[in-house]
2 protein chains.
Amino acid sequence: MSAPVSYHMTPDEFRRNGRAMIEWIAQYHERIESYPVFSRVKPGDVRASLPAGPPLKGENFEDMLGDIEKIIIPGITHWQSPNFFAYFPSNTSGPAILGELLTAGLGVQGMLWATSPACTELETHVLDWLVDMLGLPSKFRSESAGGGMIQDTASGAAICAMLAARERATDFRSNQHGCDGRLVAYTSDQAHSSIEKAAMITGIGRSNLRLIETDERFAFRPERLAEQIRIDRNNGLVPFFVSATVGTTSSNALDPLPDIGAICAREKLWFHVDAAMSGTAALCPEFRYIQNGLEFADSYCFNPHKWMFTNFDCDCFYVADRASLIKTLSILPEYLRNKATESGAVIDYRDWQIPLGRRFRSLKLWFVIRYYGIEGLQYHVRRHVELAQEFARWISGSGDFELVVPPPLNLVCFRHKRGDDFNKKLLDRLNESGDLYLTHTTLNGRYTLRLVVGQTGTEERHVRRAWGKIVATAGELEN
Amino acid sequence: MSAPVSYHMTPDEFRRNGRAMIEWIAQYHERIESYPVFSRVKPGDVRASLPAGPPLKGENFEDMLGDIEKIIIPGITHWQSPNFFAYFPSNTSGPAILGELLTAGLGVQGMLWATSPACTELETHVLDWLVDMLGLPSKFRSESAGGGMIQDTASGAAICAMLAARERATDFRSNQHGCDGRLVAYTSDQAHSSIEKAAMITGIGRSNLRLIETDERFAFRPERLAEQIRIDRNNGLVPFFVSATVGTTSSNALDPLPDIGAICAREKLWFHVDAAMSGTAALCPEFRYIQNGLEFADSYCFNPHKWMFTNFDCDCFYVADRASLIKTLSILPEYLRNKATESGAVIDYRDWQIPLGRRFRSLKLWFVIRYYGIEGLQYHVRRHVELAQEFARWISGSGDFELVVPPPLNLVCFRHKRGDDFNKKLLDRLNESGDLYLTHTTLNGRYTLRLVVGQTGTEERHVRRAWGKIVATAGELEN
């Protein structure tokens, strides 16, 4: 970009094209409600609109902008629509988008402190801010023996936690000698699939991951954990890792961290806590009870890319003992040696994660926190929870629908009383309408609809309209 | 952004702030040569400029823009400077930056086809384009049994390849039962640290990774591989995976893929090829020889985020048999079930990677390929190689310096004849000048300087000035 060499986009072209892209994005968000939320294309439709081969000669940027509307938009499921109530919000915001733009514009690598000190230091600093903002235990602050950093996802965080636990449990021999099939991990039968995937990836094996039974609210039953640990020890196995969830994916269940944590402390197991979506709620003091018991945790993560207006990817990962994590993941080949690393005075985040390279992801998080302020973030989290609770009251007050479980925060699990087939048809019909998008899960073996309130632009009118649409569509199907 | 709710950035504010950010980035690239390439801050300097705590009230976006220049820029090592010759280029470009901006603006998740069909289909399509553009074996095209996708990094690709190999070698039992310590992997003693890290992460163990000796050009010695496999089999171990490199990190060595591949085929081992930086050279027919032997490979990766003007992260990962990879990494919890997945007619890329979530990374790659065209990309790759070769000739023609190895492409390894201490001092002095940035490695036990030509804006005058500076600084140190 900086030089007048042929083929490159000159700074002036970048200005012109950049302004056009900004304008396109602004308009996209202004008209986002005019699109069907759930994409209607059929498999292969998008590819059929693309040229079979790559272009020999460069094209105009204007043509690319035109193709976004023509080719890409029909194939988009509009996660940023205020009528998107599916999966998890994955919400974003103006400051986050511009933070990501800056990250791309600077184009630096943050693998080592030395490769751009600001990339490392801003990340450490903002992660410390979040300890204050969420009321997390101070052991997660960087001036303690612990600290925080940004992972790609909660999956990455779970793997790093499991690896550090694996190393600690084997006197730091598993990296060297591999696994021996005796280590056992624990989570609940409602935990996210990433915990199972972590057990596969790290060589622990799915058969060595115990899925502990849950209670009537789908929360981890600690007494069953204690029992299973005893059985495993009696069988000569080596329990080493427990993962609990603050807000499960299916139903937003809150695992009893204090009881699980006490067992982990007694049994000397690594205690990881995954609060991917729900951790954001702790911005508000009235919701901080969800973190009770976190004082027992060895590691913790939550995703600002789920419910904190920060575009994907941005998972905040904290450890109580950074030395274990670093010892587990550090490799220092000659080509990465440098004075700052050798001084011991800096953090090199490549030693806290799976990949070597890393982009400057804290910029968007810094922008979001500064633009909204603590007050602005609290305002929206409260509003989303209120709207979900209001929706839950409508469900409770309806003769045709029922709540599957009382919703603790912003995710409502409900069903029509006419049974699984009816609920499946209802979901399909609603999503095909394009007016809103919901997804489902299974709870107690029954098909269950999920409505999550958390999109950046979602207001009362959207939730109210969703409810009206659900009632009307159910009425049509009943006849 | 879409609604007039308090605290959010409105579309009009987004327009204004977005234009300001575009302008800031344009100016940054215009004046990038005025900054010292290597950041001069001391540990803690950046944090000392930041407020101790997070803001209660939201701030103006103008203040954030101001802080970039004031707080962030001093802590930046300018990877995009045309005087950056360190590590690997990690180059970016106008179309890539605007592609990343669009990705952030759309804010969609591409974990499943259904969660935004365009995200999956554009990725498959562009990865097929690259098979043509690079002259890769057709088994890597999506209409074969194989296919391509975008990973975060070559580290992620190596782990996925090793996992699929691990599963294949254990009749798909290692995910279930963990590792048993008998599997053995192979790479060269010049391979990237990510291969060692993959062996640690996947439970194989570093002691089960053989670092095969290299020849006088630092390339993998296939006869030593065959020998080691025989020894391991005789000891009751199970060889399962070989990783070869096209362009090693230290010295850009090209491993002899045909010989290694033939051994893998005979021994039925998974053959992975990592061409992180150098794979881009195959855009030019005259450099495609580096891929000879790729017809034996089970998996292959190269990084457009290294040398193809596409900002980090963007690693293109291909497999010859996608069924093995998908069987290895697939998990389908109820909350992800959907009609498209069940139809079997679509790709769900979450089953090709470690994390569940994924962003729309193919947009930037699509923009880069379209904006430059094949011709534009070829032009710059050729130019970078020419400039590196020219630099190598200056080294060879100098009485004081020597080439450590003939440079095959755009990375030159050289040293001053006065020995390690002198070269260390020379490197420090050069980098402290701020005029250019080089890094080092060790080859044959000797301290070696590395100069990589590959930044987007690097032209002959920058390479010429770098050489002048190197000669002058060495002269100062000699006196």
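User: Where is the place of D313(A) in chain A?

Analyst: D313(A) sits in a loop of chain A, after α11 (304-307) and ahead of β7. Keep in mind that this is a predicted model.

User: What is the peptide bond from F312(A) to D313(A), cis or trans?

Analyst: Read omega. The bond from F312(A) to D313(A) is cis, with omega near 5°. Now look at chain B. The bond from F312(B) to D313(B) is cis, with omega near 5°. D313(B) is in the loop between α11 (304-307) and β7 (315-319) of chain B.

User: How do I read phi? What is the sign of phi of N444(A), positive or negative?

Analyst: Check the sign, then the residue type. Phi of N444(A) is near 50°, which is positive, and the residue is not glycine. N444(A) lies in the loop of chain A that links β10 (439-443) to β11 (446-452).

User: Why does N444(A) count as exposed?

Analyst: Count C-beta neighbours. A residue is exposed if 12 or fewer other C-beta atoms lie within 10 Å of its own. N444(A) has 9 within 10 Å, so it is exposed.

User: Which residue of chain B, in the loop between α6 (154-169) and α7 (174-177), can I read in this way?

Analyst: Take D171(B), which is placed in that loop. D171(B) has a positive phi of about 50°, although it is not a glycine. D171(B) has 7 C-beta neighbours inside 10 Å, so it counts as exposed.

User: Now the sheet. In what order do the seven strands of chain A stand?

Analyst: Read the strand order from one edge to the other. In chain A the order is β1-β7-β6-β5-β4-β2-β3, in an open sheet with mixed pairing. The edge strands of chain A are β1 (147-151) and β3 (209-212); each has a single partner strand, so one side of each has no neighbour in the sheet. On average, neighbouring strands of this sheet are turned by 20° against each other, direction ignored.

User: In which sense do β5 and β6 of chain A pair, parallel or antiparallel?

Analyst: Parallel. Residues 270-274 form β5 of chain A, residues 299-302 form β6 of chain A, and three bridges join the two strands. For a register point, V273(A) stands opposite Y300(A) in β6(A).

User: Which strands does helix α10 of chain A touch?

Analyst: Helix α10 (residues 257-267) packs on the sheet of chain A and touches β4 (238-245) and β5. The direction of α10 makes about 165° with that of β4(A). Compare helix α5 (residues 117-134) of chain A. Helix α5 lies across β1 and β7 (315-319) of chain A and runs at about 110° to β1(A).

User: How is chain A laid on chain B?

Analyst: Look at the turn and the shift. A turn of 180° and a shift of 0.0 Å along the axis lay chain A on chain B with an RMSD of 0.0 Å. That is the relation of a two-fold axis.

User: How many residues of chain A are in contact with chain B?

Analyst: The contact takes 132 residues of chain A and 132 residues of chain B. Helix α1 (residues 11-30) of chain A supplies the largest share of chain A's side, 15 residues. That side divides into 61 nonpolar, 49 polar and 22 charged residues. Of the interface residues of chain A, 99% are also interface residues in chain B, so the copies meet through the same surface.

User: Into which domains is chain A divided?

Analyst: Domain 1 is 11-81, domain 2 is 108-359 and domain 3 is 373-478. The C-alpha centres of domain 1 and domain 3 of chain A lie 30 Å apart. Six residues from each of these two domains make the contact. On the domain 1 side, three are nonpolar, three polar and none charged.

Methods
Residues are numbered from 1 along each chain as its sequence is written. Chains are lettered from A and ligands numbered from 1 in the order in which they are written. This is a predicted model: local features need pLDDT of at least 70, side-chain atom pairs count only at pLDDT 80 or more; totals for chains, interfaces and linings use all residues. Copies are superposed by least squares on the C-alpha atoms of residues with pLDDT of at least 70 in both. Two residues are in contact if their C-beta atoms, placed from the backbone, lie within 7 Å. Two strands pair if DSSP finds at least two bridges between them. Helices (H or I, at least four residues) and strands (E, at least two) are DSSP runs, numbered from the N terminus. Axes are lines fitted to C-alpha atoms, for helices over the stretch in contact, and angles run from 0 to 180 degrees between N-to-C directions. Ala, Val, Leu, Ile, Met, Phe, Trp, Tyr, Cys and Pro count as nonpolar, Asp, Glu, Lys and Arg as charged, and the others, Gly among them, as polar. A residue is buried if 20 or more other C-beta atoms lie within 10 Å of its own, exposed if 12 or fewer, and partly exposed in between; C-beta atoms are placed from the backbone. Domain bounds come from an automatic or database domain assignment.
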